[in-house]
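Open the model in a viewer and have the sequence at hand. The stops below can be selected one after another.

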Amino acid sequence: MAQPIEVHYWPTPNGHKVTIALEEMGLPYEIVPVNIGRGDQFKPEFLAISPNNRMPAIVDPDGPGGQPISVFESGAILQYLGRKTGQFYGADERGRVAVEEWLMWQMANFGPNSGQANHFRNYAPAVTRDQRHLAYGANRYSNEVHRLYGVLEKRLAGRDYLAGDYSIADMATAPWASAWPVLGIHLDEFPNVKAWHERVLARDAVKRALARGDHLRRGPGLQASGKEAEEARRVLFGQRAR
């Protein structure tokens, strides 16, 4: 039996991408929690495999040539797993190009802008910042996310999935699309996106992957009051070069 892949993970959209892919591809894996609210991402043993101090990262004991390999950045992990298994990465070069286009769209656009919109809408400390600056940031990123949902809506017109067949591009994008309630997005405005999102989340492998992280959701959320939530916000939002 193959040794399990180590998944250094926390239950966020970027973490979910990797567990979804592993479940879909039928690869054995074990989760190594990286509690990003407590600063686990700065530990030397994690930085050795993820120098950008961001999860997820994986360690595959059965890498190229049968030797272990570590991979960081969620998009690179999905591409690696797609190549390793020959699954969900396009049947030919045209198919692979389409998958990569939409995977990179998620990595460069949909995910980062959703994250910024969420920050300015829900976490920016209004009591200590110029309200005009806060409004500008929230509006800027909320508008961009709305535009990106429109791009997704057009792409999914007449398609079940982003690149034809279900692929790692859908696995990468669907967890971020689940953030719509905190982004000021109404999915009824984007019926193609809504149908696609429901289609992806209804898959058994996706359900299993999302359930794997439930036990890690302990303690107060970032929007809560109290010392623990305040420390988590400091760790996540106050990072500078070390």
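The tour starts with the whole chain, then goes through the strands, several helices and some backbone details.

**Before selecting anything**

This is a predicted model, in which local features need pLDDT of at least 70 and side-chain atom pairs count only at pLDDT 80 or more, while totals for chains, interfaces and linings use all residues. Residues are numbered from 1 along each chain as its sequence is written, and side-chain values use heavy atoms, with hydrogens and water left out.

**Whole chain**

Show the protein as a cartoon: nine helices and four strands. Helices (H or I, at least four residues) and strands (E, at least two) are DSSP runs, numbered from the N terminus. Read from the N terminus, the order of elements is β-α-β-α-β-β-α-α-α-α-α-α-α. The protein has 242 residues, of which 45% count as buried; buried means under 20% relative accessible area, exposed over 50%, and partly exposed in between (1.4 Å probe, protein chains only). Among contacts with a separation of 6 or more, 64% are between residues 24 or more positions apart; contact means heavy atoms within 4.5 Å.

**The strands**

Select residues 5-9 and 29-33. These are strands β1 and β2, which run parallel and are joined by five bridges; two strands pair if DSSP finds at least two bridges between them. Opposite E6 is E30 in β2. Between the two strands the chain passes through helix α1 (residues 13-25), making a right-handed β-α-β crossover. Right-handed here means that, with the strands pointing away from the viewer, the path from the first strand over the helix to the second runs clockwise.

Add residues 57-60, strand β3. β3 is antiparallel to β1, with three bridges between them, and V7 faces I58 across this pairing. Now add β4 (residues 69-72), which pairs with β3 in the antiparallel sense over four bridges; S70 in β4 is the bridge partner of V59.

Which side chains of β3 are buried on each side? A57 and V59 are buried on one side, and I58 and D60 on the other, so both faces of the strand are covered. In a regular strand the side chains alternate between the two faces of the sheet.

**Helix α1 and E24**

Return to α1 and measure from its first C-alpha to its last: its 13 residues reach 18 Å, close to the 18 Å expected at 1.5 Å a residue. The expected span is 1.5 Å times one less than the number of residues. Of the 13 residues of α1, 11 are buried, so the helix is largely enclosed by the rest of the structure. Among them are V18, I20 and L22.

Pick E24, which also lies in α1. With a relative accessible area of 13%, E24 is buried. The side chains of E24 and R203 make a polar contact of 2.7 Å, a polar contact being a pair of N or O atoms within 3.5 Å; within protein, one must be able to donate a hydrogen and the other to accept it, and residues adjacent in sequence count only if both atoms are side-chain atoms. Beyond four places in sequence, E24 touches several residues, including Q87, F88, Y166 and M171.

**A169 and N118**

Go to helix α6 (residues 168-177) and pick A169. A169 counts as buried, at 0% relative accessibility. Apart from residues up to four places away in sequence, A169 touches V99, W102, L103 and L162.

N118 is in helix α4 (residues 93-122). The side chains of N118 and N122 form a polar contact of 2.6 Å. Leaving aside neighbours within four places in sequence, N118 contacts Y123, V182 and L183.

**Helix α7**

Select residues 191-201 and show V193, W196, H197 and V200, the buried residues of α7. They cover an arc of only 100° around the axis, which puts them on the same side of α7; the arc is that of the directions from the helix axis to the C-beta atoms.

**Backbone details**

Most residues other than glycine have a negative phi, and most peptide bonds are trans. In the loop between α2 (44-47) and β3 is P56, joined to M55 by a cis peptide bond with omega about 10°. N53 lies in the loop between α2 and β3 and has a positive phi, near 45°. At 17% relative accessibility, N53 counts as buried.

Finish at E73, in the loop between β4 and α3 (74-85). The phi of E73 is positive, near 80°, and E73 counts as partly exposed at 34% relative accessibility.
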